[in-house]
Amino acid sequence: MDTFRFCPNPQCEYHQEAPAGERWYREKGKYYTKSRGIIKRYLCKACGKSFSSQTYHTSYFLKKPERFEEVLSRLVGGESLRAMSRAMGCSISLLSNRIDRLGRQGLALHSRFLKKQQRCEDICIDGFVSFDRSQYFPSEIPIAVGADSQFIIDASHCNRRRSGKQTPEQSAKSKVLYASTRMEKGGIMRSFREVLDTALGVQPPEQYRPFILRTDEKPDYARVIYSHPQFIYQTESNRFVFWRTPSWLPRNHTNPLFSSNYTEREIRKDQANHHRESVCFNRDSANGMMRLWTYLVWHNYLKPYRINCKHGKQPTSHAAARGISIPFKADFLKLWVCDRCFFSRERMSSAMEKTWRKAWETPGKANSGFIPRFVFD
Ligand SMILES: [Zn+2]
């Protein structure tokens with residue numbers, strides 16, 4: 001008989017943790033599936049709801065082989081969705097489904113590991129610029145990253161108007177587009193504040209260990225910092241240092257924003273939808289963020305730490321460089337693609353939660369399509 005640690009029903013008293021050693025469920029028949037053979041069903045004695053062993057698996061509700069590992073390796077290797085679809089002989093919707101599952105699983109695992117003991121370091125926050133739907137809708141994705149470990153802490157999203165010099169035709173087109181599209185006001189400040197708050201929550205300032213934030217000279221960032229309670233009401237034992245770096249400094253490893261520049265370069269190189277002048281750009285902001293988070297979780301926990309860095313023995317991953325104790329990579333991958341994470345059992349940052357809910361709005365588009373109800377269990 002299978003063993004389960006909690007009841008999958010979010011309303012059940014045993015949802016967060018079932019009593020250890022007590023048989024809180026009983027067998028309730030079995031059923032046959034073409035894809036997975038015989039699946040056993042169980043009944044929770046507390047809430048009376050039934051569930052099966054499949055309820056706890058990432059492939060819950062899937063009728064076809066999952067192929068999670070293959071999708072992940074192709075996604076982080078820079079393949080576009082259509083290239084993956086052609087090579088794997090499957091539809092785009094199947095790929096989107098697998099990326100959604102990988103993204104949500106990754107978000108949940110990342111939020112769990114963020115709560116673990118880790119070392120303190122300076123934090124770099126910078127906006128990664130790409131675009132959604134068309135170049136008239138640039139997206140700004142602020143990413144908080146450890147200055148020494150290159151470990152990603154959080155990422156948010158906003159769309160803004162196109163800036164820079166435009167031809168008269170481009171200017172006329174943007175006027176028409178912006179008149180009919182709702183754009184968020186103050187999105188850059190809101191998204192920056194979200195990732196800043198996550199970073200402050202992960203490593204709050206302590207005595208002899210100030211919170212040191214490195215950013216560029218963007219005025220929006222300064223406005224957020226100078227009105228932030230943590231900055232205004234800082235004391236001797238609660239220091240918040242704001243370190244601004246001019247953009248004209250050489251972008252090498254001596255630059256204080258090296259980690260942000262490195263992260264941007266890696267995303268630009270490894271993600272087909274963020275290549276320069278790409279035709280594989282995001283058609284939907286929420287799907288784009290799900291895809292980006294899948295990449296970022298892989299970067300944190302599975303990608304080797306900078307292999308060309310010649311400073312003695314290197315940590316095995318960016319999470320290890322951050323001082324987070326993580327399982328072996330094979331075990332982490334198993335956790336990622338097998339053990340289903342439940343939304344109601346995880347505590348994520350507001351930006352991560354928006355990505356899970358696919359709540360990022362695409363300019364000029366109503367919604368991100370159908371989201372199954374079990375995603376919010
Ligand atoms: Zn129950």
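**Entry 1: terms and model**

I count Ala, Val, Leu, Ile, Met, Phe, Trp, Tyr, Cys and Pro as nonpolar, Asp, Glu, Lys and Arg as charged, and the others, Gly among them, as polar. The model I am reading is predicted. I checked confidence before anything else. The chain averages a pLDDT of 90. I noted that 98% of the residues score at least 70. Among the elements, strand β6 (residues 152–155) has the highest mean pLDDT, 97. Helix α4 (residues 168–180) has the lowest, 88.

**Entry 2: largest cavity**

I searched the whole structure for enclosed space and got 2 cavities of 30 Å³ or more. The largest cavity holds about 80 Å³ of space. Which residues line the largest cavity? I listed Asp126, Gly127, Phe128, Ile143, Val145, Ser260, Asn261, Thr263, Glu264 and Ile267. By class, I get 4 nonpolar, 4 polar and 2 charged.

Next I traced the lining to elements. Strands β4 (123–131) and β5 (138–146) and helix α8 (258–270) each supply at least two residues. Helix α8 has the largest share, with 5 residues.

**Entry 3: second largest cavity**

The second largest cavity has about 40 Å³ of space. I wrote down its lining: Asp132, Ser139, Ile141, His157, His274, Asn282, Ser285, Gly288, Met289 and Leu292. Two elements, β5 and α9 (285–301), give two or more residues each. Which element has the largest share of this lining? I found that α9 does, with 4 residues. The classes here are 3 nonpolar, 6 polar and 1 charged. I note that β5 is on both lists: it supplies at least two residues to the largest cavity and two or more to the second largest.

**Entry 4: two domains**

I turned to the domains. The chain is divided into domain 1 (1–56) and domain 2 (68–376). Their C-alpha centres lie 35 Å apart. The contact takes 9 residues from domain 1 and 6 residues from domain 2.

How much area is buried between domain 1 and domain 2? I read about 640 Å². Carbon and sulfur atoms give 44% of that area. On the domain 1 side, I looked for the residues that lose the most area to domain 2 and found Phe6, Gln16 and Tyr56. Together these three account for 54% of what the domain 1 side buries.

**Entry 5: largest pocket**

I finished with the open space. The largest pocket has a volume of about 550 Å³. I counted 27 residues in its lining. The closest to the pocket centre are Ser50, Thr55, Tyr60, Phe61 and Asp377.

Which domains does the pocket lining draw on? Both domain 1 (1–56) and domain 2 (68–376) give at least three residues. I placed Ser50 and Thr55, listed among the closest to the centre, inside the bounds of domain 1.

I then went through the strands. Strands β1 (25–33), β2 (37–44) and β3 (50–52) each supply at least two residues of the pocket lining. Strand β3 gives the most, with 3 residues. By class, I logged 11 nonpolar, 9 polar and 7 charged residues in the pocket lining.

Conventions. Residues numbered from 1 in each chain as written. Predicted model: local features only at pLDDT ≥ 70, side-chain atom pairs only at ≥ 80, totals over all residues. Heavy atoms only, no water. 1 Å grid on protein atoms, 1.4 Å probe; cavity = no way out; pocket = protein on both sides within 12 Å on 5 of 7 lines; lining within 4 Å. Points joined across faces, edges and corners; volume = space filled by probe spheres on them. Domains from an automatic or database assignment. pLDDT = per-residue confidence, 0-100. Contact = heavy atoms within 4.5 Å. Buried area = accessible area lost by both parts, 1.4 Å probe.
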